[in-house]
Every structure is written in C-alpha cells, then in structure tokens.
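Colleague: I should like to learn how a structural model is read, one feature at a time. May we look at an example together?

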Amino acid sequence: MKDKLIEFVSIQLDKDLKEPLYVQLYEQIKLMIKQHLLSPGYKLPAVRSLAQNLQVNPSTVVNAYKELEKNGFIFSKRGSGSYVAEQVINTIDELEENNHIPIDLTDDLKILQGQKNVINMSTISLNPDMISIESFKQVVNKILERDKGYAFTYQDSQGYLPLRQSITQELAKKRINTTPEYIQIISGAQQGIDIVARAILKHGDIVFVENPTYPGAIAAFRSCGAKIIDIKLTKEGIDLVDLENKLRKFRPKLIYVMPNIQNPTGISYTKANCRRLMGLARFYNAYILEDDYISGLCYQEKSPIPLKAYDTDDRVIYIRSLSKIFMPGLRLAYLIMPQVLAQTLLNVKHISDIATSGLTQRVFDYYLREGLWQEHLNSIRSVYKTQFEFALRMAKKYLPKDIDYLKPQGGLSLWLNLPDRLSASEIIEKARNEGVIICDGAPFFVRNAPNKQIRLSFATLSLAEINTGIKIIHNITKY
C-alpha cells in the first residue's frame, strides 16, 4: 500500500481555505487523472490509508471519491476498491471531455438573501402558493382515519398495490397498456434514473443522451462508469441522422430521452420522430429510458402521447414524475418496467431505500380515485398557462431579435440561445447584480458547453416579476 501512496505525496490540503477539504482532494486527484499521472485501471489507495497519510478524517476521502465517481473519473468494485476510469468516452478522439459538477443555484440565492425584490428565474419547482393545503389536509385526515397506524408502515418495495392499480387505469388514458405487476413506485424521478442505471449498466457500457440534457441523469450514468455519447436535437426531436450514424459506430445499452417538453429546451418530438426512434432502437437492440417529468403541464388542447405508447416490444422504461407538479418535497414518481428487467429493478429499488413513503402513496392514490388529481392539474395548468403566454409575449416584446428561443408546448421555462456578441456567464453575472437569478445552460451539456444558453423560468413568479425580470435581461442584452 505504501507504493500506492507514493503517487499522492504531492497532495496538499489547506484547512485554512474556505473550500472544503474533500473538494480540494477531489480537484487534486482529478487533475492527476487528467494529466495522466494516474492511468486508467489504477487502483486508488484505501480510504483509511489515504486519510491517515493526509491526516484527515476518512469521511473527507469518502466524499472526494464519491464526487470523482459521480463525475466519471473513477469507478468502484464492491469488495475490491476504487479504480481510475477510462476518460476517452468513444473513438472520436476530437471530442474532449468537459465534465460539469451541476451548479448550486442556492449560492446565488444566499448572496442575494439580504436584498429585497430578488427575482428567481432559475427554479422550475412548483410554486408553493399553488398548493391547496386545505384539500391536502382533508385527504391526509381521511387516510389517517381510514388506515390509522398502518398508513405509516413499510409498503411493499414495489409500491402500494391500490396506487399501482390506479396508475394503471390512468396510463390507459394515454394509450399505455400495462398491469400493476410492472409498475414500480419510486421516490422521485432522480431515484428512478439512478435505479435504472445501476440495474442495467456496467462499467464501460455506452449510453446515448440528448444534447443538452438533464444533469442529474448524466451524473447517474457516470456514477456507473458508463461512457456517454451525446445526440443532437432538432425542433422535431432527436436528430435522427446523428442518432443513426452513431448507432452504426457504437452499440449503446441505453438511450435516455425526454420526448415531451424536453428539459431544458422545451422541444417535443413529432409522431414521426417517435416512430423512427423506436424503429432504430429495435433494430440496434437498445433500451430506451423515457423521462416524462412535466408533460402534465402541456398547454395544448391535446395531451402529448408518451413514447411508451409506441412501444411494441417492451423496450421503453418509462419514468413519470409526480412530485414535480404535485408537491415537490413528497418525492413521488413511478416507472414502468419491461418484463425481463422487472425483478432486477425491484432488487435495486429495495437496496436503495426499501420503499417509498407509504403515507404519500396512500394520499396520491386517494387523489387519483376521487378525481382530485385531475382537479389539481387543471387548476395549476390554468394558472401556469397564463404565466407561460405572458412570458412569451414579454420575451417577444423585449428580447433582442438575435436571441433565439423555441415556443414550447408547455412547461415552466424558456431556453434562450445567445448570439455571438453575448456570453451566458456575462449575462448571468450582470443579472445577479440587478437582483435576477438565471439558470446557466452549461451544466446541461455533456461536454464543450458553448456558454451561449440560459434558461428562464417563471415557476414561482408573478406576472409583474416576469415583466420586470425580462425587462432587466433586455437592458443587459440590448445592442
């Protein structure tokens, strides 16, 4: 083990710095990997040995290793240790990895905490003022009266059976035919993505993702040692030419997509795009992970059809987030499991947290059975449609003509593409100085983020705040 520690004698951790020790350690090991001082397959020192050598708490090393694994620099083998991962994700040598640790937007909020009239255009979480507390309180009381202490017991790891039955009936309205046997209740969509990644991916497996895409999915795939290849997006959906070209070169285990109101772009796939995607996945034998995170907030007359509805050979793993438009803190979602993967996914879920909150599941089941869920959706959809249309009008009125954005079918944000004369980082900094928090587009890219995208959300804003925020952005970005 001493031989292993020789490579780490140059590491110096400064306890007087504001930066946490584990972050310092993470950055220094990452640099050693990028400089090829630690080659792929190199076994890192055991946690306790390195902690003793650096004279730090073992938790410092544990946290640094976790961050390195999350961002694809190392991978772990149970009972064996941690190893440096292969950094070249595919054979296209000109693609240089540019890993992003997702930006913590709460830092901006902390900076502006003492100021008045801060306009938060970064969050896409449901506005707490829209939640009907009285209705929720009545449902909880009814559940407690009906189920008493059983409402707090552990549920079956797969989920509360009556809820799975209710969800099955709801899915039939979306042309998805399944049974409660293949529905898995999960604690939020992020857990679902992580469960799928751990269930079917091995170190070195290839995953295709849209570019840009959800940073939480990138982190989950990297934590399993997967090699991530990005596929372009068009206004019609995933770029089928780019997809097919890369399918010929690589054989992905998984294709991760958001066909309806994609995060962050707001793009929705056309029916033709969906059918062609399914055909390509079938021909090249790849599973598809469909992340349906916010289709409930579609403002068109007809509800969007999930990609799962086009699935004729059980290869789409469908995740539907409920907490995003119900009550975010309750962490509730579900996934539809292909029959051949059902037991494996169930096993990983059990290891993850045994079971999702029983009370939350019983409450949501009551919402579905009594029609309260549809009432809730109609209510918040009506309010957000007004804000959505107002935000589009203000964007058209105030934003410079050379800032490009797509009109999405729904959702809680607009994705802006900036011209050459503007940079995202500069706009974000200037907006912060004016009391407006904007979401940087960089973390949504797998690599080589262009510094040309920002996301504007209206989720928690009044019409007056939307107006003021976009006016401020106008003043920052005008010619």
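Modeller: Let us begin with a helix, bearing in mind that this is a predicted model. The buried residues of helix α16 pack against β3 (119-121), α14, α15 (424-433), β14 (436-440) and β15 (453-457).

Colleague: Which residues of α16 are buried?

Modeller: They are Ile466, Asn467, Gly469, Ile470, Ile472, Ile473, Ile476 and Thr477. The helix itself covers residues 463-477 and spans 21 Å from its first C-alpha to its last, close to the 21 Å expected at 1.5 Å a residue.

Colleague: How should a strand be read? On which sides of strand β4 do its buried residues lie?

Modeller: In a regular strand, side chains alternate between the two faces of the sheet. In β4 (residues 183-186), Ile183 and Ile185 lie on one side, with Gln184 and Ile186 on the other. These four residues are all buried, so that both faces of β4 are covered.

Colleague: With which strand does β4 pair, and in which sense?

Modeller: β4 pairs with β11 (residues 333-336) in the antiparallel sense, over 4 bridges. Within β11, Tyr334 is the bridge partner of Ile185.

Colleague: Which residues touch the most other members of the largest nonpolar core?

Modeller: They are Phe221 and Tyr384, in a core of 105 residues. Helix α14 (residues 372-398) contributes the most to this core, with 12 residues. Apart from this core lies another, of 25 residues, including Phe208 and Leu247.

Colleague: What is Tyr384 in contact with, leaving aside its neighbours within four places in sequence?

Modeller: Its contacts include Ser125, Met130, Leu297, Tyr299, Leu412 and Phe458.

Methods
Residues are numbered from 1 along each chain as its sequence is written. This is a predicted model: local features need pLDDT of at least 70, side-chain atom pairs count only at pLDDT 80 or more; totals for chains, interfaces and linings use all residues. Side-chain values use heavy atoms; hydrogens and water are left out. Buried means under 20% relative accessible area, exposed over 50%, partly exposed in between (1.4 Å probe, protein chains only). Helices (H or I, at least four residues) and strands (E, at least two) are DSSP runs, numbered from the N terminus. Two strands pair if DSSP finds at least two bridges between them. A nonpolar core is a set of buried Ala, Val, Leu, Ile, Met, Phe, Trp, Tyr and Cys residues joined through side-chain atoms within 4.5 Å. Contact means heavy atoms within 4.5 Å. The expected span of a helix is 1.5 Å times one less than its number of residues.
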